[in-house]
Amino acid sequence: MGGGVSDRQWRDVLGVLKIQADKLDINYLTQWAETLNLTEMLTQALQQAGVTN
């Protein structure tokens with residue numbers, strides 16, 4: 001409700017990024033992150049998951 005991300009949600013996101021990295025369209029995710037003002041969060045998730053674009 002406060003707009004934050006729970007630890008479980010964050011782990012889920014990192015898991016998806018790690019497992020599906022080669023199948024994800026990072027440019028598409030980046031575009032939507034910009035639209036939704038989530039660029040910093042996406043960048044942090046990608047870095048923590050070890051995903052590079």
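**Entry 1: R8 and W32**

I started with R8, which sits in helix α1. I kept in mind that I am reading a predicted model. Is R8 buried or exposed? Its relative accessibility is 61%, so R8 counts as exposed.

Next I looked up W32, and I found this residue in helix α2. W32 has a relative accessibility of 44%. Exposed would need over 50% and buried would need under 20%, so W32 falls in between and counts as partly exposed.

How far apart are R8 and W32 in space? From C-alpha to C-alpha I read 22 Å, with their positions 24 residues apart in sequence.

**Entry 2: a nonpolar patch**

I stayed with W32 a little longer, as this residue belongs to a nonpolar patch on the surface. The patch is formed by V5, Y28, W32, L36, L38 and M41. Together these residues have about 560 Å² of accessible area.

**Entry 3: the two ends of α2**

I then checked how α2 begins. Which residue caps the N-terminal end of α2? D25 does, with a side-chain oxygen 3.2 Å from the backbone nitrogen of N27.

After α2 comes N37, in the loop that leads from α2 to α3. I noted a positive phi of about 55° for N37, although this residue is not a glycine. That caught my eye, for most residues other than glycine have a negative phi. N37 is also exposed, because its relative accessible area is 70%.

**Entry 4: the two sides of α3**

Helix α3 covers residues 39–49. Which of its residues are buried? I listed L42, A45, L46 and A49. Why do they line one face of the helix? Looking down the axis of α3, I see the buried residues fall within an arc of 95°, so they share one face. I wrote a reminder beside this: an α-helix has 3.6 residues a turn, so residues three or four places apart point the same way.

I turned to the other side of α3 and found E40 and Q47 exposed there. What do the buried residues of α3 pack against? Their partners are α1 (7–20) and α2 (26–35).

**Entry 5: R11 and A45**

I went back to helix α1 to look at R11. R11 has a relative accessible area of 54%, so I put it down as exposed. I paired R11 with A45, one of the buried residues of α3. R11 and A45 are 34 residues apart in sequence, yet their C-alpha atoms are 9.5 Å apart in space.

**Entry 6: Q20 and T43**

Q20 is also found in helix α1. At 29% relative accessibility, Q20 counts as partly exposed. I looked up its separation from T43, which is 23 residues away along the chain. The C-alpha atoms of Q20 and T43 are separated by 16 Å.

**Entry 7: what follows α3**

Just after α3 I came to G50, with a positive phi of about 75°. T52 lies in the segment after α3. Is T52 buried or exposed? With a relative accessible area of 71%, T52 is exposed.

My last look-up was T52 with I26. How far apart are their C-alpha atoms? I read 8.8 Å for this pair, although T52 and I26 are 26 residues apart along the chain.

Terms used
Residues numbered from 1 in each chain as written. Predicted model: local features only at pLDDT ≥ 70, side-chain atom pairs only at ≥ 80, totals over all residues. Heavy atoms only, no water. Buried < 20%, exposed > 50% of the residue type's maximum accessible area, 1.4 Å probe, protein only. Helix = DSSP H or I, 4+ residues; strand = E, 2+ residues; numbered from the N terminus. Arc of directions from axis to C-beta. Contact = heavy atoms within 4.5 Å. Patch = residues over 30% accessible without salt bridge, like charges linked within 9 Å, V, L, I, M, F, W, Y side chains within 5 Å. Areas by Shrake-Rupley, 256 points an atom, 1.4 Å probe, with all protein chains shown as cover. Salt bridge = Lys/Arg side-chain N within 4 Å of Asp/Glu carboxyl O. Polar contact = N/O pair within 3.5 Å; in protein donor to acceptor, adjacent residues only side chain to side chain.
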